[in-house]
Amino acid sequence: MSERRAYLHKGVGETVGVVTLDGRPERLFVSWPTDDPLDAEGVRGVARIKSVEKTFASAFVALPGGRDVILPIRPDMPKLVEGGLVEIEIKTASRRDKAAVARFVGEGAGEPRVLAAAPSVEERLRQVVKAGSPTTGQPALLAVEEAESDALATVFGLPGGGDIAVEETRALTAVDVDLGGRDATDSKRAARQANMAALSVAARVLRLKGLGGIVVFDLVGRGHDGQALTTAARNAFAPDNPGVGIGAISKFGTLEMIVPRRAPPILDRLLTSTGAPNPRHAARRLARALEREGRADPGGRLEARCAPAVAEAFMAELDAGVAERLGRRFAVSPQSDWPADRLEVRVP
């Protein structure tokens, strides 16, 4: 039976939760103080209808003080009128190039207002791992850093050999299955085992990365057992329900799925829109390193070296918090020729 464990790290300028599945990172929940509290899954409230777009069967609505949110129109909903009120719940937070999506709860009454805030990171952990309290302290920080490393990876090994590559495009997420070094003396059996393992590993990785929408598996081998693979996919993606849809295996050996989006891709936190390391995330890694070295050398002076953009983000968001924990015994030195992912904390 699979085992899930929860970890909670409360650092300077961040609260991060990790869920592991059989020891491997499965989910990564991140909250920064600068986040928009209305742009998160689970926010519920009475919103004003700003416009109705019949061509796209959608309306744009907004909570007081919030950004525009897309509300899909269903046939069983009452007629929406511009300027009217609806009660909504945010189903999917916004992404870099997409507005948030809400679900219709009911007709609105009174004034536009927020009825329920988004669950905290700790509450989200408890929704997934219902037994026991999350592990905190150094084990939690190690779990966070392992999860971030996994989220940045593209290739993931499979039990018994072989691997998958998970790559997001604008239209869909592609999962390529490769036999690799798997014993192929019985090629059909090896392909079946690799494809079965790929579904399980990919389900975990997609939840970790926060990816959804159309997912296409490029399966290995030929003559697939469609029923067995569909059952395996249904079991592997069961935690993502409701909303998972599984298509038939095509004559080209691909399996197409639809997986609901629950949160923005975690890479939106870790990377910039160009794919470079995000200086704001790197600044939080720098704060972690300062705390780590500060505990190892109580009272000692510390120098943090990093790229100018990372230093700027650190000073704007984290400097006061680190000073409160360590005292004013550190200095941050920008290095003009360093990339954003190069960090160093040393004794000057």
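These legends accompany an overview and several close-up views of a predicted model.

**Figure 1. The whole chain, with its 8 helices and 18 strands.**
Before zooming in, here is the full predicted model. Along the principal axes, the C-alpha atoms occupy a box of roughly 70 × 65 × 40 Å. The chain has 348 residues, and 44% of them count as buried. If we take contacts between residues at least 6 apart in sequence, 64% of these link residues at least 24 apart. The accessible surface is about 17500 Å², and carbon and sulfur atoms account for 50% of that surface. As for charge, there are 48 positive and 46 negative side chains, with the centres of the two sets 3 Å apart.

**Figure 2. Ala102 in strand β8.**
This view settles on Ala102, a residue of the strand that covers residues 100-107. Is Ala102 buried or exposed? Ala102 counts as buried because its relative accessibility is 1%, and the cut-off for buried is under 20%. Once neighbours within four places in sequence are set aside, the contacts of Ala102 fall into two stretches of numbering: Val69, Ile70, Leu71 and Pro72, and then Ile88, Glu89, Ile90 and Lys91. For a sense of distance, look across to Pro277: this residue is 175 positions from Ala102 along the chain, and 30 Å separates their C-alpha atoms.

**Figure 3. The second largest pocket and its lining.**
Here we look at a pocket with about 610 Å³ of space. Its lining is made up of 30 residues. Which of them lie nearest the centre? They are Glu168, Thr169, Leu211, Pro265 and Asp268. Three elements each give at least two residues to this lining: β11 (163-168), β13 (213-218) and α5 (267-270). The largest share, 3 residues, is the contribution of β11.

**Figure 4. The largest cavity, lined in part by α5 and α6.**
We now turn from a pocket to an enclosed space. The structure has 1 cavity of 30 Å³ or more, and the space in the largest cavity is about 30 Å³. Around this cavity you will find Glu14, Val30, Trp32, Glu148, Arg269, Leu270, His281 and Arg288. Helices α5 and α6 each provide at least two of the lining residues. Readers may recognise α5 from the previous legend, where this helix also contributes at least two residues to the lining of the second largest pocket.

**Figure 5. Glu291 in helix α6.**
Staying with α6, which covers residues 279-296, we focus on Glu291. What places this residue in the buried class? Glu291 counts as buried because its relative accessibility is 11%, against a cut-off of under 20%. Its contacts, not counting residues up to four places away in sequence, are Val12, Arg325 and Leu326.

**Figure 6. Asp297, in the loop between α6 and β16.**
Here the focus is on the loop that leads from α6 to β16 (302-306), where Asp297 is placed. At 30% relative accessibility, Asp297 counts as partly exposed. With residues up to four places away left out, Asp297 touches Arg329 and Val347. How many residues lie between Asp297 and Val347 as a separation in sequence? The two are 50 residues apart in sequence, and their C-alpha atoms are 9.2 Å apart in space.

**Figure 7. Asp22 and Ala57, two loop residues with positive phi.**
Two backbone details share this figure. Asp22 is not a glycine, yet its phi is positive, at about 50 degrees. Its place is in the loop that joins β2 (14-21) to β3 (24-31). Ala57, again not a glycine, also has a positive phi of about 50 degrees. Look for Ala57 in the loop between β4 (44-53) and β5 (58-62). With a relative accessibility of 37%, Ala57 counts as partly exposed.

**Figure 8. The cis peptide bond between Asn241 and Pro242.**
The last close-up shows the backbone where Asn241 meets Pro242. The bond joining them is cis, with omega at about 0 degrees. Where along the chain does Pro242 sit? Pro242 belongs to the loop between α4 (226-236) and β14 (245-249).

Methods: Residues are numbered from 1 along each chain as its sequence is written. This is a predicted model: local features need pLDDT of at least 70, side-chain atom pairs count only at pLDDT 80 or more; totals for chains, interfaces and linings use all residues. Side-chain values use heavy atoms; hydrogens and water are left out. Helices (H or I, at least four residues) and strands (E, at least two) are DSSP runs, numbered from the N terminus. Buried means under 20% relative accessible area, exposed over 50%, partly exposed in between (1.4 Å probe, protein chains only). Contact means heavy atoms within 4.5 Å. Accessible areas come from the Shrake-Rupley method with a 1.4 Å probe; for residues, only the protein chains shown count as cover. Lys and Arg count as positive and Asp and Glu as negative; His and the chain ends are not counted. The place of a charge is taken as NZ of Lys, CZ of Arg, CG of Asp or CD of Glu. On a 1 Å grid over the protein atoms alone, a cavity is a set of points where a 1.4 Å probe fits but cannot get out, and a pocket is an open set with protein on both sides within 12 Å along at least five of seven lines; lining residues have an atom within 4 Å of a point. Grid points are joined across faces, edges and corners, and a volume is the space filled by probe spheres set on the points.
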